[in-house]
Amino acid sequence: MSVAPAVRARIAPALPALRVACFALAVALVGAMGVVAVRDVPFGSVTWWLLAPAVVAIAGWWLLLARGWSILAKGRTTRDEMGMWCRTQVLRYLPGGIWAPTSRVALVGGSAVDRLTTVAAENVASLCAALTLGGLAMAASGRPAWAALALVLLVPVVGVRLAAGRTRLDRARARRATINALAAFACYLVAAVVVQAAVSDLHDPMLVAGAAGISWAVGLVIVITPGGLGARELAYAGLLAPSFRHADLAAAAVVLRALTIAAELAMLLTVGRPAKGAGRRGEAASRRPSVTGGRPARRRAGERARVFAHKVPES
């Protein structure tokens, strides 16, 4: 007898309460991070109306990131997988910076190899998309050497070939996830340009977009900082220091972080909210007899045969 089904059956009654508790904790954590982010914003220098399109772009970025996880995990877009991603993504704010992917390794289905490769593929797709678009934008701003970063798009191609036949990942999923990640970070770069324009007027937009993409990648790689806090902002300011005032860079970085947290909270309250009755449906499904093979399946087949064989009397 397998131990895992017995453990799942034992904790099944508590799953709805655990989902609600984790959801409430996630909302509180994101709200606290938002308060920390906005307390140092120089509100008097911000062009407020520009923040509305920035929020829309950031929300699109967040939804596409969640969709990318769903594509890799299930091969299609599902609300359950997107909601799970939104809830677990909050854990990146905890010290260590590894708890979000670690939790997804534990929650996503499949073998151990499937779990690890799915989580790794999600992070690789995001990292490569951010570096590719950031490098191309920097090259478009007059720094052609940065275009070499576009070569990182070869990493998913090579990775899926190595994993072919060993995991759930195939070329179709990897291709869709990579295109999805590129679309997501196009939204993120647009948001960064709009936020910088709201603080210091529109100036060198391609340079700002490039710095935003590369600095996001830096924040992802430096896992010791929760959610890339500090590392991402420092990288952004360092890349743009020769072209902008330090005060404007600091303000834009903080405003972008605050808007990101606000969009994350909105997605958490909508997409990430646990579906009503999800725990009861899962428990009922676990108790339902199998319809493939065995006596119940044969009984149903016999009943269907009798139904279709029965002749309706003529009127």
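Helices here are DSSP runs of at least four residues, numbered from the N terminus. With that naming in hand, the reader can turn to this model, which is a predicted one, and begin at helix α6. This helix covers residues 112-140, and because a helix is expected to advance 1.5 Å a residue, its 29 residues should span 42 Å, a value that agrees with the 42 Å between its end C-alpha atoms. After α6 comes G142, a residue whose phi is positive, near 110°.

The aromatic residues offer a second way into the structure, which holds 6 aromatic pairs. In one of them, the rings of F185 and Y188 have centres 6.1 Å apart and planes at 65°, and since an angle over 60 degrees counts as edge-to-face, the pair is described in that way. Both residues belong to helix α8 (residues 171-200), where they lie 3 residues apart, about one turn of the helix. F185 is buried, with a relative accessible area of 0%, and Y188 is buried as well, at 4%. F185 also forms an edge-to-face pair with W216, with 4.6 Å from centre to centre and 70° between the planes. This pair links distant parts of the chain, for F185 is in helix α8 whereas W216 is in helix α9, 31 residues apart. One aromatic cluster is formed by W61, W62, W85, F185, Y188 and W216.

At the surface, L94, I98, W99, V221, I222, V223 and I224 make a nonpolar patch of about 610 Å². Within this group, I224 is found in the loop between α9 (205-221) and α10 (231-240), and its relative accessibility of 70% means that I224 counts as exposed.

Technical notes
Residues numbered from 1 in each chain as written. Predicted model: local features only at pLDDT ≥ 70, side-chain atom pairs only at ≥ 80, totals over all residues. Heavy atoms only, no water. Helix = DSSP H or I, 4+ residues; strand = E, 2+ residues; numbered from the N terminus. Expected span 1.5 Å × (residues − 1). Patch = residues over 30% accessible without salt bridge, like charges linked within 9 Å, V, L, I, M, F, W, Y side chains within 5 Å. Areas by Shrake-Rupley, 256 points an atom, 1.4 Å probe, with all protein chains shown as cover. Salt bridge = Lys/Arg side-chain N within 4 Å of Asp/Glu carboxyl O. Buried < 20%, exposed > 50% of the residue type's maximum accessible area, 1.4 Å probe, protein only. Phe/Tyr/Trp six-rings, centres within 6.5 Å; stacked < 30°, edge-to-face > 60°.
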